[in-house]
Structure formats: structure tokens, C-alpha cells
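Have your viewer ready and your selection tool at hand. We will go from a single residue to the place where two chains meet.

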Amino acid sequence: MSYVFNDDITEFLENNGWGKTTFSVFIKAMFYGMEYSRKTKLLERRHYLPWEGGVYGGSLTFSVDDKTYRVERTFGEKDKDDTFALYDAVTGNVSSDFTANLGEELFEVDRESFERSIFIPQDNIGLGITDSLNAKMGGVANVQDDISNFENVIKRIETATKVYTQNSKVNPGKIKKINEELSVAREQAERIPVLLQAYETKRALLGEKKAELEKLDKQKVIISQKITEVGAREQSLGEYRAKKQSLEKQQETLRGLNTFFQKGVPSSEDLDEWDDRERILEVNRSKREELRSKQPDEDEIEFLKEMFEDSPISDSQIEQWNEQARQIRNLRMKGEHAQMSEEERGNLAQLRNFFVKKIPGADEIKAHLTLSSRGKELYGKLQTLEDRYRALREKENDLNPVDDSSNRTTNTILLTLLVISLIVGGIYFFTFPERSWITIWIGVACELSAILIFVFGFLMAMIRRNRNERERAQFEKSISEAGDELAASRSEYDEIHDTLTAFLSDFPEIDAEDIQQKIIEIQRKMDKLNGLEEKEKDYLSSNSESMDELSSLQLELYTSLSHYTTILEVNLYDTQDEDKVIEEIEEKNEKYTEYLSRKKEIHRISGEINAEYNGLMAVLGSYPVEDMDSITAGLKEIRQKDILYEETTKQIHELKKEIEEFEASHMINKDEESLTDLQEQHKVIEEKMTELRAFISDDEKSLDDSSREMQECEEAADSIEGLLESRQEMEEKVRIYEATIEYLTEAKEEFLSAYMGPLQRSMRGYLRKIYDDNDAEIISGGLSLDMNLGIQYKYKGITRSGDFLSTGYRDLVAFCGRMALVDILYPKQKPMVILDDPFTNYDEEKFGKVKELLAEMALSHQIIYFTCHPSRSIV
Amino acid sequence: MRFIHCSDLHLDSKMESNLSNDDARLRREELLDTFTRMVDYAAGNSVKAILIAGDMFDKPHIRKHVKQRVWEEINNHPQIDFIYLQGNHDKSDFLDIDVAYPDNLKLFSEGEWRTYTYDDIAITGREISSYNYKTVYTSLVLDSTRCNIVMMHGQESEYEGKDKTHIINLQELRDKNIDYLALGHIHSYKLDKLDERGVYCYCGALEGRGFDECGEKGFVVLDVVDKKVEVTFVPFAKRLFHEVIIEMTPEDDMLSVLESIKRSTVAFPERDLIKVVLKGYRSMDMDVDLPRIRRTFDEDFFFLKVYDETRVQINYEQYANDKSLKGEFVRLMQKKDIPAADRDRIIEIGIKAVMGEEFVD
């Protein structure tokens, strides 16, 4: 496909979908190539890639200054597959005036700006320009975006700065936080010299204390030596003093013992005798306690007294009871052997229970058996009669004349039709036009046949009717006779059944096939009952003598035992357990006998104990023993004091002798520091040293605490360097952020001065071309573009938004602004401007002005104009 | 006879690598652990004496349990002598104890050169101060028939420096019959010739304490046989510090950056401390996600920190014909006479702000 463009305006009057976007992409691709990115693989390259693969591309001829060139490009899947060639269009030679970056070298704008600035869309042109978010506006929109977004950009950087510099107490910045940490760390670090000084002072004091301790230790050594010397001298003197003290102590003890034995010191024989008596007393007490422990308790004693009335039962009496009990036991065993078996007694009881309502006689049972046989016979007959009666009734139904009558009617109709046919046929042959004797004979034959058939039919009907009436009368008689016989048999059967049912109602339900079997079962049970009753009668007659003897013995024994069984709360007539009762009585009797024996022994021993006790208490009363309540303790005290008295007397004698000998051989008076004094001094020094050691231990602990505290401070001091490093990094970041804000602001100002001023002037130039200075106030300075390329104007000193202008006027101003932008963005080489039917909504007046403007612009711009309606043609 | 030469232990001292408080405390305990391990090493390798060439501590107050552990090590190893020369930082209360020093602790003083002998080996030392720095070298007299090991603490120099109290003037120590000059002060291992007879050696610190102390740390083992000193450096630090520089290009994305870091750090053990510095140029679209880098490698090492020192590469030609605020801004910045790094950063922030993209880091 090939197109040639005019230098001024090239108009395409085509329908929508013709390919305007493809057209603009093609132009862009010829100047800038097809963009490729390894990361995203732009959609555009793939979009226009032929489906069957391979390369695609084209060529474009263009003029720069006075020279004409032809650029040829092809595109593959990747940029390395692309080709580029530039020729001099006049000579056809390859040109090196431009490289593959042809677009940027010609227009000095990048690909994106070019793509989106030359294409003016169909929609509201004003909206298209002023909507800062309209992505279609591309490069222009980029200009808009980063300028209009400038405040947000600065705000973002300031926010990032505040993360470090914020001075709030609630949400402090990082630098403030780190300064606080630094402050704490420095405070800790500043404490180090003071702590160190304190540490050294404590260390010096500790040294003094240690020196003092060492001094005391030396003193202690000296005193210890003195103590050893003096101690050796005083060793013998000490023994003398100790003996004197011991003598005094023994004499004091002896004085006390003399008071105790005021009534005389007992001999060893007396002491042994008292001990023997005391042992006998204790033995008797133990015996008595043992006997008492074996006695029954008070309740049991009372029970035994009541039972035996203060007198135990003799052994002969118990033997007699046992003999009687043995006889009773034998008689009972004999009686048990002469009885029916358990099974027989059970059967007898069951049968008696069966015939509890009625005991039928043998004749009665026989009669009912006969009746049951008759009933059974009648039951079979009734079945036969019922079958016969039913068969007759069914046969009666079969004799119903309905079918026969229909057959007869059919035959009658057929015969009638035959007769009529023969009559009609005869008449026909009689009246036949070519009548001959043959036809007459045939006619006569027909008529005669008709008469004969009629007579024959009538006679046959009469004969059949008579025969049927006879058969029916005979059959009805048979049915009546059968019904009578059935009724008579049923009546007899019901009567017999009622009689038998009434008989059976006097007995429990019997499990049998029919009534006859039930009566037979009754007869069998009756026979069994009679047999068992006979047997029972025989047993009863043979046991009567033994039972009389048993009753007599029981009466005698039970009467003899009645006093005891009453107390034991046993009824022998119920339990018949006389052996157990006698055994229990025997046991109780034995216990009661033992009780009486022990009671007597206890009484005897108590008398002996009292006598001995009184004697020993009299002995104890002669000495002031401490515990008069215990004879044992009192006697022990007397014996111990007796031994002590003897030993003390002996020791006093020996000590007096030794003291006398020592006093005779030693001079006792030394004027020197005593051992006690020296020991006292040693003790004082020891106490001081202990106290000093405690102080030293405390001081050492305090030093250790100080050391730890300094360690913590030093750790804090160590962290200062890292904190300072971190703070410096943060401050560096803040510095960079602030510099970024400063340079961004400067860039914005330069950008505005470079683009916005010329933009405003160019736009007013276009406006003047449309309005011819008719509206001097607006055109001279009222209208302008804001930072967002939105229209605004000043009226009487107040700046207003473009929204206050009429829609048509605003669109025109916007169009002029857009043309001005193209001028600014392309200061050197002017590219083509592609207008995609942007004036469809303009009225004729405005469209006329735009046409004039485009004609003016076409002098300096190549305009490619698409429209789908002839009324919007600008050519 | 075998000796260990160590120095600059700085027990219980602060860490220089911006560690968290917990990690810093752990590292302080590890310094102590390494000292203990070194003593165990000495006990297990028939070491006669451990030469501590200064700066065992670096502050006046040492925590109680630290002092206790060091004293325990000295007391529990009576077969090893601890020859301790105090350095410029050793102003601690470590030696303030109630009981007499154990026999195996050997000290030096500022007032005179003191010598401890082991058969024909003499270990001589003196602490330098403002009082003795003028005469210290003159008064050093050594028996040439012995193997002479001299201990000092300070910065090596061929001349007198301004701060004379911390300077070891090697000129003055030459031709003094020194076989091995055991020095402390510099935290990295260095062995060099002193004169025709001897060598001088900085054994370096036992453990690094910051990223300015990268590389192997440990002690030196001296085997003296027939008066000849054989020197062996033994790497002994529990953890090492590493600094990794990643040079970025505009083609890099986060995945390639992570891959580069992975490649550069894969050889480092998990227990070590790593500092990654990103340098070079990146594209405008490439935002360095430092938290992501930290998340990715944080579990791989004891400690990791990352610095972004990259610059955005600006293609000024791209904006030459851009008729917008963005283009105007870039063209303006191109003309500004400001540091290139600042310009790149300002352009990046400005463009991202205009484009509505994220730029806060």
C-alpha cells in the first residue's frame, strides 16, 4: 500500500475502522523504529507482527531542509532482527546523514513524546488536553504528570526526610531516637571516670584493711606463743586447782546424801530384799491384768448370768440333749427315705392343679370321646355335602338358556332369511321376462322349498322347548334335596361342637391337634392322677408310726431347751436345728464356767498385791524420794544414792590425800600475766580479725559490683561509636533528601521557564488568528494555561477556571493550546499532525474558523486529517 | 626447650565490631576460653614457659570471675612459668591479691632489666615508661654465650617517635646479642630479621576483636635447640574476622548479588564473623535489599554485617531529549558541580520520587 502526502493538508475521507492508529504507528516506527524490551516484549511489536511470521515494515520519504530522504525499515520478533536503511531520495545512494535514531535526531523528542503529541483524538479536544490523567496524551501528559505531580513528589521526599528528622514526642524521628540513645550512652560514659575514681578509693581502703589484718595476724601469733609458754607452766597448778574444786563439789554432794539417808543408810541385803518384793508385786499385777483381760465384757457377763441363772449346766444334761437330738435326726432320715420321689410329688401337684375345677368320671370321658368321633365324621360329611351342593349350583348356572336362546334366534333368523329368499326367488322366476317351463319349475321349487323349511323349523323348535323344561324341573329337585341334607348335618355338627367345647372349658388349655386329641389327653392325665394318688396313699399309711415317735421326742427336747432357745431367740419348731442350738448352749456354758473360775483367782491375787504394796510403801516413806507414786522409781533412787554415797566418800578421801601431798610439795603464788588474761587478749584479737575479714569481704564484693557497673558503662560507651556512625548515615540521607528537593525545585523552575512561557505566547498567537483581536481583553492576556495545561483566564483581575467559558470557546482555546504544545515540543523540524476527526461537534461558525486556522498552519505544518463525514471536509 | 610467645590478649575487654551486647559478652568469654586453651596446649606440649608480651588486660577493673580464672590457670599449672611483661594497657588490679604470688609467675619492672634463665637460655625484659625510655636500651647488656630472648611491648620503629613510651627503637636493639625479640603491641603476626644474629617477632593477638583485625590470630611456639630459636606461628583463634568486597555492575540483580556473596563467603566457617561491603555501580531499577542479604546469610555465620556503598549508574543520554521535569532534573544535575556519589544518589531519589517508586532505604 502506498500513500503520497501533500505538503500542506492531506485529507482522508474514510469510514471508522479504516486504520488511523495503524497509520500513526507506521509513521512513528519509520522515524523511531519499533520499540523492544527484553523484559516486557512490548505488545505493539507483537501486535503488528504478521500471523504467519517473518518480517514486516515499509518505507517513508521525507524532506529535511532542502534534502529528501527515503527511510526503509523492517521488523522482526526482536530488535536484532530489525533492519534500517536511509537513502538519498534524489540520487538513490545510501545516506549517512542520520542514524537509526532518526526520530530523536530530527525532532529532538523521544519516541513516546512523538507518538502521543502528533495524534489529536476525536473526543473532546479540550478534555483531551486538560485531563492530566489521560494516558493517550502521552508525552504531553508526561509533561503534565510530573509537573502537576510535583507537589506530591516533594511531599514524598519530605515524608521520607521526616522519618529521620521528626521531632515529635509521640512519634519521634530516627535521628531523635538515636540522639536519645546517644544521650543515655554518653551519660553512662561520663560516669566512667567518677566510677573509676571511686573504684580506686575503695581499692586503697581495701588495701589499708588488708594491712591492718596482717598486723593483727602478727599480734595474734605473738600472743599465741605466750599462751603456749604460760600454759606449760600453769599446767600443774591448774591440776591442783581443779582437784580443790572437785573436793568442794564432792563434799557438797555428800552433805546432800547425808540428809537423804537421815534415818540410816540401808544395807545391800535390805536393798536386794526390797527389789525382790517389788518384782513379786509386779508379777502379781501382771497376772491379774492378764486374767482381767480374758474376762468377757459386762454385757456378755449379764447375758451369761441370765442364761444360766448363776449355775452352769452339768455335762450329763448336755450329753442327754445330744442323745435326744441324735434320735430325732435318725427318725427324720428314716421318714425322708419312705416318701415319694420329688418328681412324683411335683407331677401329682401339677395334675391336681389341672383337675382343680372338675374331676371327670371315666364314663363321662368315654361319652365325650364318642361325641368327638361323631363330630369328626360329620365334619368330613359336611365337606362332601358342601362340595356337592356347590357343584349343583354351578351346574344350574350352566343350564342358563341365554346362549342357547341366542343360537336359536340366529337359526330362526337364518331360516327366515332362507325362506324369504326362496319366496323372492320363486317370485322372480315366475315374473322372469323370458319365462319358460324351466323358470316356472324353478320358481315352484323355490316356493315349495320355502314352505318345507318353514314347517321343519317350527317343529324342531317345539321339540327342543319341551325337552328343556323337563330337564330343569328334575335338576331343581336334586338341588333342594342336597341343601336339606347339608343343613341337617351342619345342625348336628354344631350341637356336638358346643357340647365338647363346654366340657373342655373346665380344664386348662391343652396343646393338641383337635378336640378329640384334647379329650384323649384329659383321659391320659386322669389315669396318671389316679395312679399317683394311689401311690401317695400307700406311703402315708407306712410312715405313721415313725412320725409319732419323732413328734414325741421333739416335744420332750424342745420343752427342755425352751428356756435357752427363748434367750437365744431361736424357734426350733421352725428351724428344727437342735444340734446347733445345743452346741451354742454348750459353748456359752463353757465360757460361763471359765468366767467364774477367773473371777475367783483375781480376787485371790488382789489380796496378795495389797499386802505387798503396803509393805513397800512403808519402806519408801523412810526416805525423801522424789517420786512416791512409783515404787520402782523410789527403790531405784534409793539404790543409786546408796552407790553415790559410797563412791563420794571414797573420792573425798582420795582428793584430800592428793591435795595435802601437792600443798606440801609446791609453792603456790606467782605474780605474772595469767593464762586467762592472755587467752582473753587472743580472743579480742580474733574477734577484731573476724570483724575485719567481714569488712574486707564486703569491700571486695563492693569492688566487684563497681567493676560490673563500670562494665555496663563501658558497654554503653562502646555503643557510642556505632550510634554516631548510624546517626551520620541518617544525617547523610537527610542531606541527600534535602538536596534532592532543592534540585527538583530548581529543575521545575527551569522547566517552566523553558516551556510554559513560549507555550502561552504560541497559544495566544493561534487565538489571535481565530479572533482577529475582536476580544482584546481575553486574547491580550486574559487567557492562559495553568501548570496542568488547563485553561484559565483573568477577568477583571480574578483568575477563573476554563470551566467558566462556553464549551465551544473552551474547545477552541484547547485546540490552540494543543497546537502551541506541538510548536514548543518540536522547535526545529515540524512533524506531521494527525487529526482524527476532532471537529465533529463544532458548529459551522467555529468549524469555519478552525478551517481558516488549519489553512494557516498548513503553511508550516504537514497536516494529515481523517474524517468520516463530507460536511467536516477541510479541503 | 619449648616456649610460647603470646601478647595482646586483652582479656575482658570491649569488642570493636558492633556486636550485640549478648554476642559481645560471649566474645569476651571466648577470649578467656582461648587463653585457657592456650595454657592447655602448653601443658600438653611440654612448654616450659609462656611469655606474655604485654596487654594481657586493658583496663583497671577486671571482673572477679575473670581474675579468678586466670589465677586458676597459673596456680593449676605449676610446671609452666608465666613470664608476664605488662604493656601500655596493663593497668589493672589483677595483681592485687591477698596471698603471695605463686612461684611460676615471673614479672618484670620499669626500673631495671630482669632476667630469668632456663639452662643456657636467658629471658630478659623490661617495661617501658616515661621514666626509662631514654636509658632503657643503653642499660641492656646480654651474655653473648647464652641464647637471649628479650621481651618488650611497643610499636616497632627505626627511629625515635613522638610518643616515646610506646616505641620500640629497633636501631637501638641491634647488635645486643638478641636471638629472639618477643614483642607485643601489634595485633597481627610479623616475623622479621633484627640483625645478623636475631629476629624480632610480633605474635599478634590471640583473638581478633573487630573487622580491623581480620586474618589468622594465635601465638608463636619457640623451640630452642642448641641456642638456636625455631619459630612457628600457631593459628589458635576460635573465630576469625573476614571482610568481603563485592563489586557490582549495572547488570546485577539481587539474585546475582546473593550468588556473589555466597561464592565469596562459602569457604568461611560458620563460626566466623563476616563483613560484606557492596561497591561498584548498579542500575536505577536495582534496589539493594540489605535486610534480604542479612536474612539469607545471618544463619550461616556467627555475625554478619553488610554495607551498601554502591552507586547508581546514570545514563545521561537517555534523558537528553526527555521533555519533562524528569529530563530537566537529570540535565540540571549533570551540570552541577557536586561529588559524583551525591549526584548519583540525588538523581536516583529524584527520579524514583517523580515516578512514584519506592526510594526510602
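Select Ala445(A) to begin: is this residue buried, partly exposed or exposed? In this predicted model, Ala445(A) has a relative accessibility of 39%, so it counts as partly exposed, because that class lies between under 20% for buried and over 50% for exposed. Now colour residues 437-504 of chain A, and you will see helix α15, where Ala445(A) is found. Next, add Gly425(A) to the selection. Gly425(A) and Ala445(A) are 20 residues apart along the chain, and a distance line drawn between their C-alpha atoms should read 9.7 Å.

Now show chain A and chain B together. Each side brings residues to the contact: 48 from chain A and 48 from chain B. About 3,900 Å² is buried between the two chains, with carbon and sulfur atoms giving 53% of that area.

For a closer view, pick Lys59(B) and Glu714(A). These two form a salt bridge, with 3.4 Å between the closest N and O atoms. Across the interface of chain A and chain B there are six salt bridges, and the count of residue pairs in polar contact is 13.

Which helices of chain A should you highlight here, each supplying at least two residues of the side that touches chain B? Select α6 (138-148), α7 (150-165), α8 (174-260) and α21 (675-771). Linger on α21(A), which gives the most to this side of chain A, with 27 residues.

Finally, colour the side of chain A that touches chain B by residue class: you should find 23 charged, 20 nonpolar and five polar residues.

Conventions: Residues numbered from 1 in each chain as written. Chains lettered and ligands numbered in written order. Predicted model: local features only at pLDDT ≥ 70, side-chain atom pairs only at ≥ 80, totals over all residues. Heavy atoms only, no water. Helix = DSSP H or I, 4+ residues; strand = E, 2+ residues; numbered from the N terminus. Buried < 20%, exposed > 50% of the residue type's maximum accessible area, 1.4 Å probe, protein only. Contact = heavy atoms within 4.5 Å. Buried area = accessible area lost by both parts, 1.4 Å probe. Salt bridge = Lys/Arg side-chain N within 4 Å of Asp/Glu carboxyl O. Polar contact = N/O pair within 3.5 Å; in protein donor to acceptor, adjacent residues only side chain to side chain. Nonpolar A, V, L, I, M, F, W, Y, C, P; charged D, E, K, R; others polar.
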